[in-house]
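I opened the model to look up its confidence, one helix pair and its charged contacts, and I kept these notes as I went.

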Amino acid sequence: MTSREFDIFFRRMYLPLGMFALRIVDDAQSAEDIVEDCFAKAWQMTEEGKEFDDFKAYMYRSVRNGCISFIRARKETVGIEYIPEVDEETVDTSERDARLWKAIDSLPEKCREVFLLSKRDGLSNDEIAERMGISVKTVKNQMTKAFSRLREELSSGHKPFFLPFL
């Protein structure tokens, strides 16, 4: 694998692998650290001449194992039987989550803030309006704008995208 190919894999897989790790360790910074460590190890192996039959599958297994090591190091009582196996559904879910968060990040700032306060934090339109110092009508308009842009962004080039929080 060339450094260019590795870079392409890194850019394509970093966020989905991060979402996968986040679901396991439930800590964004730790998930990011695990994914970065796995990529660093894979790069070192690549430089040493290691050839991967399926780099994507290798990276998901590597991240899963990194998460297990992280959990064991914290001496948590959660058994590894609760950690998802790497299968097609797990990979698809991670890739879907990554697309969703990338789309949310692309929303205009105020629109994104309103959307996250509503869907992530569970605030009502009245609470959002009060917190942000805007009218309830503006909150509703921003939510409509957010849903419209997310549907458009997530459906382009893909089968219709189901937003689980609608």
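I began with the weak stretch: over residues 159–166 the pLDDT (the predictor's confidence in each residue, from 0 to 100) stays under 50, and for these residues the model has 18 contacts beyond four places in sequence, a contact being heavy atoms within 4.5 Å.

I noted that this is a predicted model, in which local features need pLDDT of at least 70 and side-chain atom pairs count only at pLDDT 80 or more, while totals for chains, interfaces and linings use all residues. Residues are numbered from 1 along each chain as its sequence is written, and side-chain values use heavy atoms, with hydrogens and water left out.

For the protein chain I found a mean pLDDT of 82, with 87% of its residues at 70 or more. Among its elements (helices are DSSP runs of H or I with at least four residues, strands runs of E with at least two, numbered from the N terminus), helix α2 (residues 28–47) has the highest mean, 92, and helix α4 (residues 88–105) the lowest, 79.

I then looked up how α2 meets helix α3 (residues 55–73): their axes, lines fitted to C-alpha atoms over the stretch in contact with angles from 0 to 180 degrees between N-to-C directions, come within 9 Å and cross at roughly 130°. The contact includes Ile34 and Phe39 of α2 and Met59 and Phe70 of α3.

Lastly, I searched the whole structure for salt bridges (a side-chain nitrogen of Lys or Arg within 4 Å of a carboxyl oxygen of Asp or Glu) and found one. Asp7 pairs with Arg11, their closest N and O atoms being 2.9 Å apart, and both lie in helix α1 (residues 3–25), four residues apart, about one turn of the helix.
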